[in-house]
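Student: I'm new to this one, so could we walk through it together, a question at a time?
Tutor: Sure, let's put it up and start with the ligand.

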Amino acid sequence: MFYEPAKRNHGLPHAPLKAIVAPRPIGWISSLTPEGVANLAPYSFFNMISETPALVMFSSQGAKDSLANIEATGEFVCNLATLDLVDKVNLTSAPVARNVSEFDAADIARAPSRLVKPPRVAAAPCALECVYVETFRPRGRDGVEANAYMIIGEIVGVHIDDDAIIDGRVDIAALKVISRCGYLDYAPVDRLIERERPPGGGMDMKARTPVA
Ligand SMILES: Cc1cc2nc3c(=O)[nH]c(=O)nc-3n(C[C@H](O)[C@H](O)[C@H](O)COP(=O)(O)O)c2cc1C
């Protein structure tokens, strides 16, 4: 089959595109309202977009609470979601009033952050403390702004549970990190395969140092 997303002519019961651009990492984003209410929500339009400086982005489809909080307070945390937390992740996607904390609504324990004010998810094995940089408004080819707000933040602090580090590496398969697939699906990362990079390219994994 072939279809054109702008024409929505896939003829299937559900739009397939998000099942194809998958699996996607999940940024489980904590932020604070200006009044100090802790907000938590999953975003799978999420990724790292620069290593130096260390930048992450997530994209809000429509202006949601996380966007408003982060633009107002300038800080957020990306918590890493694992298989044992999948139901909590899902629960925190419920639309609740901005003055209600999803941490409380979903009975999720907080841990303090070090360099930013929003709390972390205590049970998440890794968390990225971020300072807001900018909101990018993507446009379609017609130049019209999408109903999307790409929030970009600089990672200023990284938490890693000591237990998550095996042989000097963060072992995401052992952690069973979850990714978002299409429809209502999630996939745990439970198996990794390794390949050496072609000579001269990228990373020398034996030496574990960047190749100039
Ligand atoms: C796994 C998962 C991933 C999601 N990814 C996104 C996303 O990338 N962008 C988005 O706008 N909404 C996404 N949602 C929906 C938001 O989590 C939901 O609208 C939430 O209520 C937003 O919370 P907030 O208003 O507190 O920011 C996702 C939901 C789930 C369950």
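Student: How many residues surround the ligand, and which are the closest?
Tutor: Keep in mind that we're looking at a predicted model. A residue counts as near the ligand if one of its heavy atoms lies within 4 Å of it. By that cut-off 18 residues surround the ligand, and the closest are Tyr43, Phe45, Gln61, Lys64 and Ser66.

Student: Which atoms of Ser44 and Asp65 come up against the ligand, and at what distance?
Tutor: With both residues, look at the backbone. For Asp65, a polar backbone atom is 2.9 Å from an oxygen atom of the ligand. For Ser44, a backbone N or O atom sits by a nitrogen atom of the ligand, at 2.9 Å.

Student: And how far is the polar side-chain atom of Tyr43 from an oxygen atom of the ligand?
Tutor: Here it's the side chain that you want to follow. A polar contact is a pair of N or O atoms within 3.5 Å. The distance from the polar side-chain atom of Tyr43 to the ligand oxygen is 2.6 Å.

Student: How much of the ligand does the protein bury?
Tutor: Start with the ligand taken alone, which exposes 650 Å². Of that area, the protein buries 86%.

Student: Which element gives the most residues to the shell around the ligand?
Tutor: The elements that give two or more residues are strand E3 (38–43), strand E5 (55–61) and helix H2 (65–73). The one that gives the most, with four residues, is E3.

Student: What classes of residue make up that shell?
Tutor: Sort the shell into nonpolar, polar and charged residues. The tally is six nonpolar, eight polar and four charged.

Student: Back to Ser66: is it buried or exposed, and which side chain does it contact?
Tutor: Ser66 lies in helix H2. Its relative accessible area is 1%, and since buried means under 20%, Ser66 is buried. Its side chain makes a polar contact, at 3.4 Å, with the side chain of Asn39.

Student: Let's move on to charges. How many salt bridges are there?
Tutor: Side chains of opposite charge can pair when their charged atoms come close. The cut-off here is a side-chain nitrogen of Lys or Arg within 4 Å of a carboxyl oxygen of Asp or Glu. By this rule the count is four.

Student: Take Lys7 and Glu4: which one counts as exposed, and which as partly exposed?
Tutor: Their side chains meet in a salt bridge, 3.3 Å from N to O. Exposed means over 50% relative accessible area. Glu4 has 34%, so it counts as partly exposed, while Lys7, at 54%, counts as exposed.

Student: What about Asp104 and Arg110?
Tutor: Those side chains also meet in a salt bridge, at 3.0 Å from N to O. Asp104 has 51% relative accessibility, so it counts as exposed. Arg110, at 39%, counts as partly exposed.

Student: How far apart in sequence are the parts that Arg169 and Glu194 tie together?
Tutor: Arg169 forms a salt bridge with Glu194, with the closest N and O atoms 3.1 Å apart. Arg169 lies in strand E12, and Glu194 in the loop between strand E14 and strand E15, so the parts tied together are apart in sequence by 25 residues.

Student: Last one: which domain does UniProt place at residues 19–173?
Tutor: Over those residues the chain is 15% helix and 41% strand, with the end C-alpha atoms 21 Å apart. The name comes from an unreviewed UniProt entry: "Flavin reductase like".

Terms used. Residues numbered from 1 in each chain as written. Predicted model: local features only at pLDDT ≥ 70, side-chain atom pairs only at ≥ 80, totals over all residues. Heavy atoms only, no water. UniProt positions renumbered as here; feature names shortened; annotations may be inferred. Polar contact = N/O pair within 3.5 Å; in protein donor to acceptor, adjacent residues only side chain to side chain. Areas by Shrake-Rupley, 256 points an atom, 1.4 Å probe, with all protein chains shown as cover. Nonpolar A, V, L, I, M, F, W, Y, C, P; charged D, E, K, R; others polar. Buried < 20%, exposed > 50% of the residue type's maximum accessible area, 1.4 Å probe, protein only.
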